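Colleague: I should be grateful for a close look at a single part of this model. Please treat the surroundings only as far as they bear on that part.

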Amino acid sequence: MAPPVVPPLPAIPPPGWVVVIAASAGGIAPIVNILSKLPADFPAAVLVAQHLAPSRDSSLDQIIRRNSALPTEFARDGVTIEAGHTYIAPPDLHLLMVERDVVRLTSTERVQWVRPSADVLFESVAALYGSKAVAVVLSGTGRDGSAGAMHVKRCGGRVIVQEPTDAAFAGMPSSAAEGTVDHVVPVGEIAQLLVDIVGAG
């Protein structure tokens, strides 16, 4: 008797593009604004570094899930990322990538006095994805994300910055905009820019 035929598991769609989003104070509203406008078939993985208080449980994943068509979760160490999914850095852990399509979490020292650090995330993704990386810098205080955004540009990727006058806290977007960026726009325009970029190849 022939053994039963077991159908293969569906392949995980590889993220041809990776979008990395950084925010701090005042950042949750623009994150939700962007992710709520992305289509369910968005052909990129989205990684989010939002500065969160380490001493409190965060419901950011639930907030995004209620407003976005993209499956959303706090990132887990070693998870293989998928296109059309959102992965959030857990409180007090750096989110980064050291091999293509696999996320890592570390509790190494703070960068720019924060953990998770946008710079850590941006630089690691830029090194692996080059021209297929898109960095987005949103509302926040300080300079986190500026060095990482420059690294994304050096590696051939794109950088989008929230217009500082549109942000609740202008520190992070103002600092990032001092470097070479592709777009400085109000948050309401960012989702369509992302769709245009990742849909173009």
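Which β-α-β unit do strand 7, helix 4 and strand 8 make, right-handed or left-handed?

Modeller: The model is a predicted one. In it, strand 7, helix 4 (residues 146-154) and strand 8 form a β-α-β unit that is right-handed. Strand 7 comprises residues 133-137 and runs parallel to strand 8, to which it is joined by four bridges. Within this pairing, Val137 has Val161 of strand 8 as its bridge partner. Helix 4 packs on the sheet, where it touches both strand 7 and strand 8, and its direction makes about 145 degrees with that of strand 8.

Strand 8 also takes part in the unit that follows. From strand 8 the chain passes through helix 5 (residues 171-177) to strand 9, and this β-α-β crossover is right-handed. Strand 9 (residues 183-185) runs parallel to strand 8, with three bridges between them. Here the bridge partner of Val161 in strand 9 is Val184. Val161 is thus paired with Val137 on the side of strand 7 and with Val184 on the side of strand 9.

As to burial, four of the five residues of strand 8 (residues 158-162) are buried, so the strand is largely enclosed by the rest of the structure. Helix 6 (residues 190-198) adds a further contact: it lies across strand 8 at about 170 degrees. Helix 6 also lies across strand 1 (17-23), strand 2 (44-50), strand 7 and strand 9.

The wider sheet gives the unit its setting. Seven strands make up an open sheet with parallel pairing, in the order 3-4-2-1-7-8-9. Strand 3 (72-74) and strand 9 stand at its edges and have a single partner strand each, so one side of each is left without a neighbour in the sheet. On average, neighbouring strands of this sheet are turned by 20 degrees against each other, direction ignored. At the edge formed by strand 3, three bridges join that strand to strand 4 (residues 86-88), and the two run parallel. There Phe74 stands opposite Ile88 of strand 4.

To return to the part in question, strand 7, helix 4 and strand 8 form the right-handed unit, and strand 8 carries the chain onward through helix 5 to strand 9.

Key. Residues are numbered from 1 along each chain as its sequence is written. This is a predicted model: local features need pLDDT of at least 70, side-chain atom pairs count only at pLDDT 80 or more; totals for chains, interfaces and linings use all residues. Side-chain values use heavy atoms; hydrogens and water are left out. Buried means under 20% relative accessible area, exposed over 50%, partly exposed in between (1.4 Å probe, protein chains only). Two strands pair if DSSP finds at least two bridges between them. A crossover is right-handed if, with the strands pointing away from the viewer, the path from the first strand over the helix to the second runs clockwise. Axes are lines fitted to C-alpha atoms, for helices over the stretch in contact, and angles run from 0 to 180 degrees between N-to-C directions. Contact means heavy atoms within 4.5 Å.
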